[in-house]
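Let us read this structure together, one feature at a time. Helix packing comes up before sheet pairing.

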Amino acid sequence: GRTVEEHRELARRGLRRVHLGVESGDEGLLRFLEKPTSRAGMLARVAGLKGAGISASVILLVGAGGRAFAEAHHERSLDLVASMGLGPGDIVYLSPLAAGPDTEYARRLREEGIEPLAEPELLAEEARLRRGLAAVLGPRGAKVARYDLRSFVYY
């Protein structure tokens with residue numbers, strides 16, 4: 001990762017916000033998703049940005065890991081966000097998982113016998129995450145918004 005001084009130099013050059021594909025606070029799910037990061041790495045990354053005055057956008061994947069990971073994903077993601085020290089100017093994006101049946105992700109779910117969340121379950125989990133995030137971020141904390149990749153798919 002970059003040093004605080006390197007982040008400060010980027011801020012001096014005009015960098016105002018960095019979007020981080022955090023996906024989940026659950027280490028087991030991160031391994032399943034083959035994400036080359038860890039909880040500690042994400043915390044250090046956000047601390048470096050914040051220390052340099054750069055805003056963070058944290059992206060969480062709603063529904064990642066299906067039913068097998070649902071509770072751990074929810075609880076550990078809230079815990080991770082609560083530990084990040086996010087505030088005004090920062091954003092937590094909730095991105096509903098968009099993975100078609102022919103994707104590598106869907107193949108791995110089938111291989112492991114994991115049931116994906118159906119659309120109504122995705123919506124319910126997004127609402128539950130919003131409530132949990134409102135509690136851990138507080139009324140003057142980071143904003144929470146939807147980031148829906150499906151709105152960028154053209155047919």
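**Helices and sheet**

A: α1 and α3 are oblique to each other. Keep in mind that this model is predicted.

Q: How is a pair of packed helices described?

A: Two numbers do the job: the angle between the axes and the distance between them. Here, the axes of helix α1 (residues 4–12) and helix α3 (residues 39–51) come within 8 Å. They cross at roughly 50 degrees. That angle is neither under 35 nor in the 65 to 115 range, so the pair counts as oblique.

Q: Is the crossing of α1 and α3 left-handed or right-handed?

A: α1 passes α3 in a right-handed crossing.

Q: Which residues of α1 and α3 meet?

A: From α1 come V4, H7 and R8; from α3 come G48, L49 and G51. By class, this contact has two nonpolar, three polar and one charged residues.

Q: How do I read a sheet?

A: Strands pair through backbone hydrogen bonds, either parallel or antiparallel. In this model, four strands form an open sheet in the order β1-β2-β3-β4, with parallel pairing. β1 (17–23) and β4 (143–146) are the edge strands, each pairing on one side only. On average, neighbouring strands are turned by 25 degrees against each other, direction ignored.

Q: How many bridges join β3 to β4?

A: Four bridges join strand β3 (residues 91–96) to β4, and the two run parallel. I91 stands opposite K143 in β4.

Q: Which strands does helix α4 lie across?

A: Helix α4 (residues 66–83) lies across β1, β2 (55–62) and β3. α4 runs at about 175 degrees to β2.

Terms used
Residues are numbered from 1 along each chain as its sequence is written. This is a predicted model: local features need pLDDT of at least 70, side-chain atom pairs count only at pLDDT 80 or more; totals for chains, interfaces and linings use all residues. Side-chain values use heavy atoms; hydrogens and water are left out. Axes are lines fitted to C-alpha atoms, for helices over the stretch in contact, and angles run from 0 to 180 degrees between N-to-C directions. Angles under 35 degrees count as roughly parallel, over 145 as roughly antiparallel, 65 to 115 as roughly perpendicular and the rest as oblique. A crossing is left-handed if the near helix is turned anticlockwise from the far one by less than a right angle, and right-handed if clockwise. Contact means heavy atoms within 4.5 Å. Ala, Val, Leu, Ile, Met, Phe, Trp, Tyr, Cys and Pro count as nonpolar, Asp, Glu, Lys and Arg as charged, and the others, Gly among them, as polar. Two strands pair if DSSP finds at least two bridges between them.
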